[in-house]
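Here's a quick walk through a two-chain model, written with someone who likes numbers in mind. Have the coordinates open while you read.

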Amino acid sequence: MSATVAALPALPASPAKKAAQRRRIIGSGFWYIAVILVSISTVLPLVWTLSTSFKTQSEALSGALTLIPLDPTLENYVALFADGTFARYLVNSFIIAIGGTITNVFFGSLAGYALAKLRFPGRGSVFATFLASMMVPAIVTMIPTFLVLRYFPLAGGNDLFGQGGVGMINSYAAVLVPFAAGAFAVFFMKQFFESLPDEIGDAARIDGAGEFRIFLNIYFPLSAAGAAVLAVLTFQAGWNSFLWPLIALNNPDMYTVQVGLAAFINEYQTAYGPLMAGTIIASLPVLLVFIVAQKYIVQNFTGSAVK
Amino acid sequence: MTTLTRLNEVVRGPEMAKQQPPKWWRFGPDGGAVSATRRQQAVSGWIFLAVPVLLFVLFVLIPVGIAIVVSFTDYAVIGDFEWVGLANYTRLFQDPIFWIALRNTAYYTALFVPLGVVVALGTALLLNRRSGAVRVFRTLFYIPVISSTVATASIWFWLLNPQYGLFNVVLGWFGISGPAWLYDSQWAMIAIVMMSVWAGFGANMLIFLAALQGVPSELVEAARLEGASSWGVFWHVTLPAISRTMFLVVTLLLIAAFQVFDQAYVLTKGGPGNSTLTLVYYIYDRGFGRLEMGYASALSFILFLIILVFSLINARITNRRDFS
């Protein structure tokens with residue numbers, strides 16, 4: 001305490017300095033008000049949703065803005081899971097999101113590594129073609145991709161000429177296969193591998209290691225941080241995807257959480273309690289993943305933007 | 001973020017493919033061990049690329065080819081189909097609903113893009129300061145981006161409920177009786193724009209934030225010393241310094257805006273009275289609702305052309321390294 005007292009007179013506060021300091025404090029006060037207001041606008045809807053999901057139907061529709069439910073209840077969640085369909089949607093979404101994450105991380109790493117670290121003819125053209133393909137909006141390939149899956153030879157009861165069955169439509173494959181190794185995953189990992197030195201691979205090569213072993217034992221472990229970010233991003237994209245699952249999976253047993261939730265909105269317009277419970281359940285996995293990985297995601301974001 | 005990295009790469013790709021001599025060539029023609037390594041690398045390289053290349057052929061290359069062919073036929077999944085030449089393309093010019101969808105999409109874009117830029121840049125400017133609290137607020141601002149469009153739409157469906165929703169209840173406190181939002185053809189699209197800005201600004205905010213942190217602080221200091229106001233510094237120093245990022249974000253938003261679908265599908269089904277019928281929703285409806293896949297393919301190529309213009313502008317901007 002005596003130290004502070006002694007330190008203060010040592011820095012005589014001139015009127016100008018005092019004014020500047022006051023301005024800074026006021027400015028900082030305004031800043032806090034502004035960021036808190038924005039935060040309220042981004043977070044309050046979610047809190048409101050969470051709150052509604054624990055309210056009784058009559059309280060939800062009372063028009064009172066109570067954030068803490070007067071009579072908290074789990075009935076909405078019970079109703080949501082009552083007939084088992086929503087649990088089924090969750091399982092479907094997990095299979096699709098996790099499956100897509102595994103294939104994208106594996107094939108994306110393998111191909112990204114090849115583009116970044118191996119020297120071979122044709123590499124540049126593959127790269128350029130992949131890049132050009134990214135300019136094609138998804139809607140253009142949507143109808144024909146549906147047809148390719150529908151008439152895929154020897155799948156889903158089809159014969160060699162793609163006739164007779166439904167192909168891959170209405171199966172996990174319809175959502176997993178077309179996006180199993182997206183160009184984004186390849187480029188993301190390529191960027192990452194490019195930041196690793198060539199020398200370690202060359203050294204292993206001189207020792208006679210095969211290319212796959214060099215990738216698997218040397219470079220892939222070094223790329224774990226990048227692969228983790230890619231995994232989070234693909235999980236999020238897979239879990240949240242909507243239009244394609246809506247088209248390719250039209251058997252209610254195969255619905256994903258997103259498709260199921262959308263159907264729910266249209267069918268039970270006023271059942272806000274169960275609807276909000278469904279929204280919370282549908283957002284929870286990606287929110288949890290984000291909370292765990294948020295530092296890396298924001299960093300990656302910033303990094304890729306600056307480059 | 002995905003699109004950004006992607007577009008960065010899109011631009012660098014062709015450049016690299018064109019200008020760089022193939023690197024494998026540099027190994028030198030001394031044969032022997034080097035040549036064996038080279039051959040081994042070529043084989044491994046293609047094996048490593050095999051799955052993505054195969055999927056690219058199956059689900060991009062072949063589909064684009066099919067889309068072109070189908071757009072010249074009256075293919076409708078069931079029954080025979082015929083070559084109809086340009087009929088699908090001439091038809092759309094006389095299709096009043098196509099024009100409604102185009103107009104709605106343009107309206108959405110005209111509201112969404114400027115609003116999206118202003119909110120993203122505004123919040124980025126707020127967060128562009130040295131303070132420990134920034135990290136917390138950055139995360140809070142980013143939260144809406146994480147949830148799916150469907151979940152976000154579901155939340156807004158509730159917020160915008162004319163009677164019990166947060167919006168109209170709060171408006172009611174001030175004696176304003178809010179509109180019926182999604183049930184009012186005048187307000188439905190505006191509601192969807194508000195929702196989309198809320199849901200997406202966090203991503204562009206991070207892009208702007210990165211750009212703002214790259215603005216040389218000496219420049220800002222110098223302008224301040226010469227007595228420029230905060231607004232003057234922003235207008236004459238900061239904004240020009242981030243112009244490249246600005247154009248990038250604008251084109252990204254344009255490309256996304258023209259493909260808006262989820263919100264319109266979940267919240268309004270294109271209604272009321274077609275007021276939120278967007279192009280992608282119309283293509284979806286024609287192709288998978290009425291199975292008019294020939295016509296839907298033609299529609300999707302028109303959309304492709306519109307988006308291609310913005311993609312190319314975007315690619316040019318990203319390519320001009322001297323721009324900033």
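Chain B is split by the domain assignment into domain 1, residues 23–70, and domain 2, residues 87–319. The C-alpha centres of domain 1 and domain 2 of chain B sit 38 Å apart. Keep in mind that this is a predicted model, and it comes with an ipTM of 0.81 and a pTM of 0.83.

Now for the way the two chains touch. On the chain B side, 85 residues are in contact, and they meet 82 residues of chain A. Which element supplies the largest share of chain B's side? That would be helix H2 of chain B, residues 32–70, with 22 residues. Sorted by class, chain B's side of the contact has 57 nonpolar, 23 polar and 5 charged residues.

One helix pair across the chains is worth a zoom. Two packed helices are described by the angle between their axes and the distance between the axes. Helix H2 of chain A (residues 15–53) and helix H6 of chain B (residues 149–159) have axes that come within 10 Å and cross at roughly 80°. Angles of 65 to 115 degrees count as roughly perpendicular, so H2(A) and H6(B) are roughly perpendicular to each other. The residues that meet there are Pro45(A), Thr49(A) and Thr52(A) from H2(A), and Ile155(B), Trp158(B) and Leu159(B) from H6(B). By class, this contact of H2(A) with H6(B) has 4 nonpolar and 2 polar residues, with no charged ones.

What about chain A taken alone? Its secondary structure comes to 15 helices and 0 strands. The radius of gyration of chain A is 27 Å, while the globule rule gives 19 Å for 307 residues; that is well over the rule, so chain A is more spread out than a compact globule. The C-alpha trace of chain A spans about 90 × 65 × 30 Å along its principal axes.

There are a couple of backbone details to check by eye. The peptide bond from Gly271(B) to Pro272(B) is cis, and its omega is near -10°. Pro272(B) is placed in the loop between helix H12 (262–268) and helix H13 (279–289) of chain B. Over in chain A, Asn170(A) has a phi near 70°, which is positive even though the residue is not a glycine. Asn170(A) belongs to the loop between helix H7 (138–150) and helix H8 (172–176) of chain A.

Finally, how far does the predictor trust each part? Here are the chain averages and the helices at either end of the confidence range.

| Item | Chain and value |
|---|---|
| Average pLDDT, residues scoring at least 70 | Chain A: 84, 92% |
| Average pLDDT, residues scoring at least 70 | Chain B: 84, 87% |
| Lowest and highest mean pLDDT by helix | Chain A: H1 (residues 2–10) at 45, H5 (residues 85–117) at 94 |
| Lowest and highest mean pLDDT by helix | Chain B: H1 (residues 2–19) at 43, H4 (residues 96–127) at 95 |

Some stretches stay under a pLDDT of 50. In chain B that goes for residues 1–31, for which the model has 52 contacts beyond four places in sequence. In chain A, residues 1–10 stay under 50 too, and the model gives them 0 contacts beyond four places in sequence. Residues 303–307 of chain A also stay under 50, with 11 such contacts beyond four places in sequence.

Definitions and conventions. Residues are numbered from 1 along each chain as its sequence is written. Chains are lettered from A and ligands numbered from 1 in the order in which they are written. This is a predicted model: local features need pLDDT of at least 70, side-chain atom pairs count only at pLDDT 80 or more; totals for chains, interfaces and linings use all residues. Domain bounds come from an automatic or database domain assignment. Two residues are in contact if their C-beta atoms, placed from the backbone, lie within 7 Å. Helices (H or I, at least four residues) and strands (E, at least two) are DSSP runs, numbered from the N terminus. Ala, Val, Leu, Ile, Met, Phe, Trp, Tyr, Cys and Pro count as nonpolar, Asp, Glu, Lys and Arg as charged, and the others, Gly among them, as polar. pLDDT is the predictor's confidence in each residue, from 0 to 100. Axes are lines fitted to C-alpha atoms, for helices over the stretch in contact, and angles run from 0 to 180 degrees between N-to-C directions. Angles under 35 degrees count as roughly parallel, over 145 as roughly antiparallel, 65 to 115 as roughly perpendicular and the rest as oblique. The radius of gyration is taken over C-alpha atoms; the globule rule is 2.2 Å times the number of residues to the power 0.38.
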